[in-house]
Amino acid sequence: MANFKYEIKQADGKISTGVIGAQSSAAAAQMLKSQGAYIVSMTEIAQKKAKSFKDLANIKIQFGPGAKDVLNFTSQLAVMIKAGISIRAALEAIVDQVDNEKFQDILQQIKRDVEGGKAFSEALAQHPKVFSALYVNMVQASELSGSFGSMLDRIAEYQEQQIETQSQVKSAMVYPIIIAVMAVLTTVFMLTYVLPKFVVIFEGKEDMLPTPTKIILAISDVFRHQWYLVIGGVVGAAWLFLYIINTTWGRAWWDATKLRIPIFKKLCRSLYICRSLQTMGELVNAGVPMLDTINITANVSGNTIYKNMWKKVANAVRQGKKIATPLTSEKLLPSSVVQMISSGEESGKLADVLGDISTFYNKELKTTIRAVTSMIEPLMIVVMGCVVGFIAMSIVLPIFKMSSMVKG
């Protein structure tokens, strides 16, 4: 007996799917027709076979859809909708072109939901890990206003800017991370390979060694004979840090710390302001209700401190106050930004003002990234030089001391 996956249309017009077992496709079709259903499609489900070693070697690990997958989907859908293609036909065409199997399954489910009578935004809302609240709310607003195609373009543009910003931040950190890794590897090499070569010279003269040399020799001994403790300590510290920042209080502490670190605070601040105001501007422009706009902005800000600030703004707006009123007492936004938001509210051009501010901070973010990168590079080189210099000094000092005693 074989299994067949089917898609049928009921007498009341509803589309439903399922799996049926039968001796053949004809028998399966007859069983479905006897229920008074119209068969839309039916395919046989391939029987799973025992995988050989060669099959296992060719297995592809599929991750969930990423930001670029969603961006490509949105861009393609925008083009098709503006060309006059129905949402169902557009989804069907896009599904066949998607490489990520998990994303393909999600789009298939969205397609079935739309065919079953759900609004597109409602179908998207069933997958919050893939389609954010911002995405769903903007689509919902466009469905009500009849600007679906143009709104999809705006969503795609917003997503592209967010991906570009994240890419810039990640790229800025690549070189400093490489230097940091090289510094650690160089230090470990000197402690475990170079320094032990000099231990023979210092044997029996431990009392004559200066304090820096004793410290370095003790560290070298730990690295060579108790390396498992070093690895365990590093892994344990990394696990503890990740555990702490995934707790409520730990996340709040880490987010506050990022805004206090001298080199990184300007970068983080520009990133959070740019992301928050750009999100708010897009939602206001889309016609999303103000309270929903502020709450979504809070959730996508990326920092607990900024999230709490926007939550306070939402509470104030709920009480009938203007957005700028609670922001005047906050120090997270520059006073000039608060004044521009206030003037935007007064003139009724808040969306345009928010767009202009986010554009300015997007440029500011790029400038800050370049400045931070140029500051980190020499700083890391200086730190690396100090570490290597300290190790070298610890080796040379006792040698000079011994040679001076021999001469004396």
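**View 1. Ring pairs join Phe73, Phe103, Phe131 and Tyr135 into a cluster.** Welcome to this predicted model; we start with its aromatic rings. Two members of the cluster, Phe73 and Phe131, deserve a closer look. The structure's count of aromatic pairs comes to 12. In one of them, Phe73 and Phe131 sit edge-to-face, with 5.9 Å from centre to centre and 65 degrees between the planes. This pair links distant parts of the chain, 58 residues apart: Phe73 belongs to helix α3 (residues 67-82), while Phe131 is in the loop between α6 (120-124) and α7 (133-145). Phe73 is buried at a relative accessible area of 2%, and Phe131 is buried at 1%.

**View 2. Phe189 and Tyr193 share helix α8.** How are these two rings arranged, stacked or edge-to-face? The ring centres of Phe189 and Tyr193 are 5.3 Å apart and the planes are at 25 degrees, so the pair is stacked. The two residues are four apart in α8, about one turn of the helix. Phe189 is partly exposed, at 45% relative accessibility, and Tyr193 is partly exposed too, at 48%.

**View 3. A nonpolar patch lies on the surface.** Six residues make this patch of about 540 Å²: Val174, Ile177, Ile178, Val181, Met182 and Leu185. Val174 is a handy one to start from when you go looking for the patch. Its place is in helix α8, which covers residues 148-194. With 44% relative accessibility, Val174 counts as partly exposed.

**View 4. Arg88, Lys111 and Glu115 form a network of salt bridges.** Side chains of opposite charge can pair when their charged atoms come close. The structure holds 10 salt bridges, and one of them joins the side chains of Glu115 and Lys111 at 3.1 Å, N to O. Glu115 and Lys111 are four residues apart in helix α5 (residues 101-115), so about one helical turn separates them. Are the two partners buried or exposed? Glu115 is buried, with a relative accessible area of 12%, and Lys111 is buried as well, at 8%.

**View 5. A salt bridge joins Arg154 and Glu282.** Their side chains meet at 3.0 Å, N to O. Arg154 lies in helix α8 and Glu282 in helix α13 (residues 265-286), so this pair ties together parts that are 128 residues apart in sequence. The two ends have their own exposure classes: Arg154 is partly exposed at 29% relative accessibility, whereas Glu282 is buried at 12%.

**View 6. Glu364 and Lys266 meet in a salt bridge.** The distance here is 3.8 Å, N to O. Distant parts of the chain are linked by this pair, with Glu364 in helix α18 (residues 350-407) and Lys266 in helix α13, 98 residues apart. Glu364 is partly exposed, with a relative accessible area of 24%, and Lys266 is partly exposed at 48%. While you are here, look for Thr368, which is also placed in helix α18. Thr368 counts as buried, at 5% relative accessibility. Beyond its neighbours within four places in sequence, Thr368 is in contact with Lys266, Leu267 and Ser270.

**View 7. The largest nonpolar core holds 37 residues.** In soluble globular proteins, nonpolar side chains tend to be buried together. Which members of this core touch the most others? They are Trp310, Leu327 and Ile341. Two or more residues each come from α13, α14 (290-300), α15 (304-318), α16 (324-327), α17 (335-347) and α18. The element that gives the most is α18, with 10 residues. Ile341 makes a good centre for this picture. Leaving out neighbours within four places in sequence, Ile341 is in contact with Leu277, Ile323, Ala324, Leu327, Leu350, Val353, Leu354 and Ile357.

**View 8. A second, separate nonpolar core has 36 residues.** Met80, Ile110, Leu134 and Ile296 are among them. To see Ile296 in its surroundings, follow helix α14, whose buried residues are Thr293, Ile294, Ile296, Thr297 and Ala298. After α14 comes Gly302, with a positive phi near 90 degrees.

Notes
Residues numbered from 1 in each chain as written. Predicted model: local features only at pLDDT ≥ 70, side-chain atom pairs only at ≥ 80, totals over all residues. Heavy atoms only, no water. Patch = residues over 30% accessible without salt bridge, like charges linked within 9 Å, V, L, I, M, F, W, Y side chains within 5 Å. Areas by Shrake-Rupley, 256 points an atom, 1.4 Å probe, with all protein chains shown as cover. Salt bridge = Lys/Arg side-chain N within 4 Å of Asp/Glu carboxyl O. Buried < 20%, exposed > 50% of the residue type's maximum accessible area, 1.4 Å probe, protein only. Core = buried A, V, L, I, M, F, W, Y, C linked by side-chain atoms within 4.5 Å. Contact = heavy atoms within 4.5 Å. Phe/Tyr/Trp six-rings, centres within 6.5 Å; stacked < 30°, edge-to-face > 60°.
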